[in-house]
Amino acid sequence: MKKLLTALALFALPILASAQIENPVKWSFSAKKVNANTYEVHAIATIEAGWHLYAQEAGEGPVPTSFKFTKNPLATLDGKVTETGKLHKAFDKNFNSELKYYENTVDFVQKVTIKGKAATKVKGSVEFMVCDDHQCLPPKELEFAVNVGGK
C-alpha cells in the first residue's frame, strides 16, 4: 500500500508543479495602417491585478521589457519602440533602485515603413519580466509575427 501511495505521489508531483506556473501577462500583437506605406505594430500587454511589467528603461535591477525584430528587406523600422500607458515610478527596496513599470495594460508601438505594395510579416520577440509585492518571475521571451502591407 505504501508503494502504491508513493508511486501515485510521484506521478502527481509534475502535474501539481505545472499548475504552479504563473503567467500574469497576456500579449496581443496587431498592425494598424497609418498611410500608404507606414504601419504601427502594436504589442499590447494585459497585466493581471497585483502584478507589474517593467518599462524599457526600467532602472537598475530587473530585466527591462525589450524588443528584437527580425531583419526584413521589405520592412524598415522607423525610430524606437514607444510605450503608451500609465507609467509608475517607485523606489523598490529589493532592487535598491527607483523603478519604472506598468500595471493593468501598456501598448508598445513600433512604426514600420513597407517597401512597395507586397504583403509581408514583421517578426520578432519580446523579452519581459513581471513582479508582484512578494516575488518576481524569471524573464520570458515570446516570439510574434504581424502581417503588414498588401491590399
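This report describes one sheet and one disulfide in a predicted model.

**The sheet**

Four strands form an open sheet in the order β1-β2-β8-β5, and their pairing is antiparallel. Strand β1, residues 25–33, and strand β5, residues 75–84, stand at the edges. Each of these two has a single partner strand, so one side of β1 and one side of β5 are left without a neighbour in the sheet. On average, neighbouring strands of this sheet are turned by 20° against each other, with direction ignored.

In the order of the sheet, β2 is followed by β8. Strand β2 covers residues 38–47 and strand β8 covers residues 105–114. The two run antiparallel and are joined by nine bridges. One position can be named here: A43 stands opposite F108 in β8. As a general point, strands of a sheet pair through backbone hydrogen bonds, either parallel or antiparallel.

**The disulfide**

The structure holds one disulfide. The two cysteines that form this link are C131 and C136, with an S to S distance of 1.9 Å. The angle about the S-S bond is 105°, and the link of C131 and C136 is right-handed.

How exposed to the surroundings are the two cysteines? The table lists the relative accessible area of C131 and of C136.

| Residue | Relative accessible area | Class |
|---|---|---|
| C131 | 1% | buried |
| C136 | 37% | partly exposed |

C131 counts as buried because its relative accessibility is 1%, under the 20% limit for that class. C136, at 37%, is partly exposed, since that class lies between 20% and 50%.

Note on methods: Residues are numbered from 1 along each chain as its sequence is written. This is a predicted model: local features need pLDDT of at least 70, side-chain atom pairs count only at pLDDT 80 or more; totals for chains, interfaces and linings use all residues. Side-chain values use heavy atoms; hydrogens and water are left out. A disulfide is a pair of cysteine sulfur atoms within 2.5 Å. Buried means under 20% relative accessible area, exposed over 50%, partly exposed in between (1.4 Å probe, protein chains only). Two strands pair if DSSP finds at least two bridges between them. Axes are lines fitted to C-alpha atoms, for helices over the stretch in contact, and angles run from 0 to 180 degrees between N-to-C directions.
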